[in-house]
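Dear colleague,

I am handing over the structure below, and after it I set out what was found. Please read the notes alongside the coordinates.

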Amino acid sequence: MVWKDKTGFTTLIYMGSEISLDALRKCQAAMEDETRALLKDILLFGHPFSIDISALRDDMGNKQAGYSLINDRVNADIIGPVDQLADHILSTPELYRRFVLFVQDGKVVWNAVSLSSWLNSFARLNLLCLIQAEMNCGAPGRTTELTAMPLINTPGGMQRALRIIGDHVVLMRTYHKMRAASGFDRVIPHSLNAALAAVFIYKEAFCRPFAQLCASVLYPDNSRIKSLYQDFLFVNYDKQFVGDNISAEMKAWTGKHLGMELGIRMWRQCST
């Protein structure tokens with residue numbers, strides 16, 4: 001692995017292939033574009049939901065089980081009603097016809113096929129967020145440090161991953177390998193860029209409640225799946241993500257834009 005001569009340290013020769021910073025920028029831009037389009041056009045149906053992210057507050061000292069910045073009462077007026085995406089679907093004739101079979105005795109009977117399709121798109125958004133967290137937010141993390149991030153404070157003492165520190169939306173990554181040396185995990189904040197930060201906030205504020213509704217309808221007797229949507233920041237439809245999911249998606253993007261497929265391990269080497 002060496003820098004290519006006379007390129008101003010912008011092109012790396014890795015395993016016989018050239019990887020340029022310009023190609024990497026284009027890869028990241030394309031990833032951001034697809035992520036934003038998926039969130040806005042597919043999951044939120046093009047509706048202009050809006051949050052003043054700069055006005056959100058985070059009680060960093062709150063260790064109460066179940067707490068997150070999204071459900072903090074201080075932010076309730078900024079975010080709006082929890083079920084506003086479901087309300088939008090029910091009040092929009094085109095979406096109503098797609099998602100609702102009928103209403104009986106005041107109870108909505110949802111179209112399971114449409115809910116499943118939407119939930120698949122939500123899983124895709126989670127995966128795109130995952131690989132950008134791996135590639136854009138400082139030192140690449142271990143798979144378990146990403147896929148097991150808690151959405152809320154847990155009864156067992158794990159602290160939520162998505163937070164606001166000052167003007168930055170951050171992911172608190174737990175470094176498990178520190179446990180052997182110090183006896184406890186080390187938690188370090190990784191700042192999200194503005195585009196990815198907005199996606200995370202909108203994903204949790206607007207999409208998460210409807211994803212929980214989808215899981216309840218599709219899996220009414222499966223508490224394990226329903227708990228995934230309550231406890232974890234990233235959910236892969238009816239399970240958690242694993243390293244192979246992340247590597248495969250990273251290889252698809254880097255193969256297309258960098259000319260070389262880089263999974264988790266190879267990306268870590270190049271990133272360093």
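In this predicted model, three strands form an open sheet in the order β1-β2-β3, and their pairing is antiparallel. The edges of the sheet are taken by β1, covering residues 2-3, and β3, covering residues 17-20, each of which has a single partner strand, so one side of each is left without a neighbour in the sheet. Strand β2, made up of residues 11-14, runs antiparallel to β3 and is joined to it by 4 bridges; within this pairing, I13 has E18 of β3 as its bridge partner.

Turning to the interior, the largest nonpolar core comprises 78 residues, and those with the most contacts inside it are W118 and F210. Once neighbours within four places in sequence are set aside, F210 is in contact with L85, A86, I89, F99, W110, L115 and W118, so that the last of these contacts links the two residues named for the core.

As for enclosed space, the structure holds 1 cavity of 30 Å³ or more, and the largest cavity contains about 30 Å³ of space. Its lining consists of S68, L69, I70, L151, L162 and E204, which by class amounts to 4 nonpolar, 1 polar and 1 charged residues.

With kind regards

Conventions:
Residues are numbered from 1 along each chain as its sequence is written. This is a predicted model: local features need pLDDT of at least 70, side-chain atom pairs count only at pLDDT 80 or more; totals for chains, interfaces and linings use all residues. Side-chain values use heavy atoms; hydrogens and water are left out. On a 1 Å grid over the protein atoms alone, a cavity is a set of points where a 1.4 Å probe fits but cannot get out, and a pocket is an open set with protein on both sides within 12 Å along at least five of seven lines; lining residues have an atom within 4 Å of a point. Grid points are joined across faces, edges and corners, and a volume is the space filled by probe spheres set on the points. Ala, Val, Leu, Ile, Met, Phe, Trp, Tyr, Cys and Pro count as nonpolar, Asp, Glu, Lys and Arg as charged, and the others, Gly among them, as polar. Two strands pair if DSSP finds at least two bridges between them. Helices (H or I, at least four residues) and strands (E, at least two) are DSSP runs, numbered from the N terminus. A nonpolar core is a set of buried Ala, Val, Leu, Ile, Met, Phe, Trp, Tyr and Cys residues joined through side-chain atoms within 4.5 Å. Buried means under 20% relative accessible area, exposed over 50%, partly exposed in between (1.4 Å probe, protein chains only). Contact means heavy atoms within 4.5 Å.
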